[in-house]
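Trainee: Could we go through this structure together? I would like to learn how each label is earned.
Mentor: Gladly. Ask away.

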Amino acid sequence: MKYDIAVIGGGPAGISAAITAASKGRKVVLFEAHGFSPRLRSVEKVADYMGIPDVSGSRLMDIFVEHLRMTDADVVEEKIIALKEVGEGFELGTPSGVYEADAVVLATGISRSELLTGEKEFLGRGVSYCAKVDGMNYKGKKVIAIATVPDALAEVEYLADICEHVFFFPRYTGFVPPKKKNITVVMETPLEITGTDKVTGLHTDSDFFSVQAVFMFRASDPLNSFLPGLQIRGRSVYVDDQAETNIEGVFAGGDCTGQPWQCNRAAGQGQKAALSAIRYLSKRDERIGY
Ligand SMILES: Cc1cc2nc3c(=O)[nH]c(=O)nc-3n(C[C@H](O)[C@H](O)[C@H](O)COP(=O)(O)OP(=O)(O)OC[C@H]3O[C@@H](n4cnc5c(N)ncnc54)[C@H](O)[C@@H]3O)c2cc1C
């Protein structure tokens, strides 16, 4: 099915965008990768969300998700790993499928990571964001897995089942060592992915690893990693006062567009992004005579 609007991210901004667009009768799909805002769920007490005082972040998210599930919006609990413009619309890739939409709302929250040197250059040529999609290409080979989130461990172990050896860089606290013998845990700092036409290795602050692939597992990837050409300012997506990015048909709201990082702002911006997307679709349909 082709959707009118695809929302990437199921935090306050994305849920607000999906509820708004669905309430206006648009066909909406929302993608969420990590259980609906691990960021807000980590907050013990939110005191300043209008109308719901003294609530935990987790309870507040549950309320938002309950509301989302009452709408006609489809919810896909998978990560978007690829986004590209195709004709007048967009194709969005998850580890298990491809979806189409006429407009996209980015609501992915803040990305704490910057692109590693060489990451963008070798994306699709040895750099990957998904073990399930690309793992088999490296069957019997040596690979690196760099993870900033604990739930990536399942993907790392999946790689170990296929590949000869996995050098695993856990970049988060509270790390539990994996049990598989062909996984080596490396606590060095990754610095640069190198290669020729394909990845050949990774430099750290003190060593060099000769590998055929580097898998990156993050809570939120830098947005320009999966949408080339997207204008970024600092670590935020550039948007104008109508929540439009520099790419026609792509809108953004919430923490991914910058500070202040607050739920009320995120929800308001998600709504603005959805309304702008709806206006864009109506104008476009008039123009092409739908
Ligand atoms: C310690 C702490 C305390 C805070 N206290 C408050 C407070 O008291 N009051 C307040 O208003 N705010 C508070 N905040 C801020 C609040 O949590 C954020 O402003 C809010 O969660 C932003 O919403 P968002 O939807 O923009 O992003 P997030 O809530 O970060 O949601 C983004 C979502 O996008 C998903 N995602 C990212 N990339 C992809 C992808 N490629 N595919 C699919 N899904 C993807 C992520 O899994 C995530 O669920 C606090 C934050 C922290 C960390």
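Trainee: How do you know that the end C-alpha atoms of helix H3 are as far apart as they should be?
Mentor: Keep in mind that this is a predicted model. Helix H3 covers residues 57–70, which makes 14 residues, and at 1.5 Å a residue the expected span is 20 Å. Its end C-alpha atoms are 20 Å apart, so the value agrees with the expectation.

Trainee: What makes the buried residues of H3 lie on the same side?
Mentor: The buried residues are Gly57, Met61, Phe64 and Leu68. They cover an arc of only 60 degrees around the axis, and therefore they are on the same side of H3. A general rule helps here: an α-helix has 3.6 residues a turn, so residues three or four places apart point the same way. On the other side of H3 you will find exposed residues, namely Glu66, Arg69 and Met70.

Trainee: Which elements do the buried residues of H3 pack against?
Mentor: Their partners are helix H1 (12–23), strand S2 (28–31), helix H2 (38–41) and strand S3 (74–76).

Trainee: Why is H1 called roughly parallel to H3?
Mentor: The axes of H1 and H3 cross at roughly 25 degrees and come within 10 Å. Angles under 35 degrees count as roughly parallel, so H1 gets that label with respect to H3. The contact is made by Pro12, Ile15, Ala18 and Ile19 of H1 together with Phe64, Val65, His67 and Leu68 of H3. H1 passes H3 in a left-handed crossing.

Trainee: And what makes H1 and H7 oblique to each other?
Mentor: Helix H7 spans residues 263–287, and H1 and H7 pack at an angle of about 40 degrees, with axes 7 Å apart. Under 35 degrees would be roughly parallel and 65 to 115 roughly perpendicular, so this pair counts as oblique. Among the contact residues are Ala13 and Ala17 of H1 and Ala266 and Gly270 of H7. This crossing is right-handed.

Trainee: Why is Asp4 called buried?
Mentor: A residue needs 20 or more other C-beta atoms within 10 Å, and Asp4 has 20, so Asp4 counts as buried. Asp4 belongs to strand S1 (residues 2–8). Among the residues Asp4 touches are Arg26, Ala101 and Leu281. Asp4 and Val29 are 25 residues apart in sequence, with their C-alpha atoms 8.5 Å apart in space.

Trainee: How do you know whether Phe36 and Asp54 are buried or exposed?
Mentor: Phe36 has 23 other C-beta atoms within 10 Å, which meets the cut-off of 20 or more, so Phe36 is buried. Asp54 has 10 C-beta neighbours inside 10 Å, and 12 or fewer means exposed, so Asp54 is exposed.

Trainee: What is phi in Phe36 and Asp54?
Mentor: Most residues other than glycine have a negative phi. Phi of Phe36 is near 60 degrees, a positive value, and Asp54 has a positive phi of about 50 degrees. Phe36 sits in the loop between S2 and H2, while Asp54 is in the loop between H2 and H3.

Trainee: Where is there a cis peptide bond?
Mentor: That bond joins Gln259 and Pro260, with omega about 0 degrees. Pro260 is in the loop between strand S17 (250–252) and H7.

Notes
Residues are numbered from 1 along each chain as its sequence is written. This is a predicted model: local features need pLDDT of at least 70, side-chain atom pairs count only at pLDDT 80 or more; totals for chains, interfaces and linings use all residues. Helices (H or I, at least four residues) and strands (E, at least two) are DSSP runs, numbered from the N terminus. The expected span of a helix is 1.5 Å times one less than its number of residues. The arc is that of the directions from the helix axis to the C-beta atoms. Two residues are in contact if their C-beta atoms, placed from the backbone, lie within 7 Å. Axes are lines fitted to C-alpha atoms, for helices over the stretch in contact, and angles run from 0 to 180 degrees between N-to-C directions. Angles under 35 degrees count as roughly parallel, over 145 as roughly antiparallel, 65 to 115 as roughly perpendicular and the rest as oblique. A crossing is left-handed if the near helix is turned anticlockwise from the far one by less than a right angle, and right-handed if clockwise.
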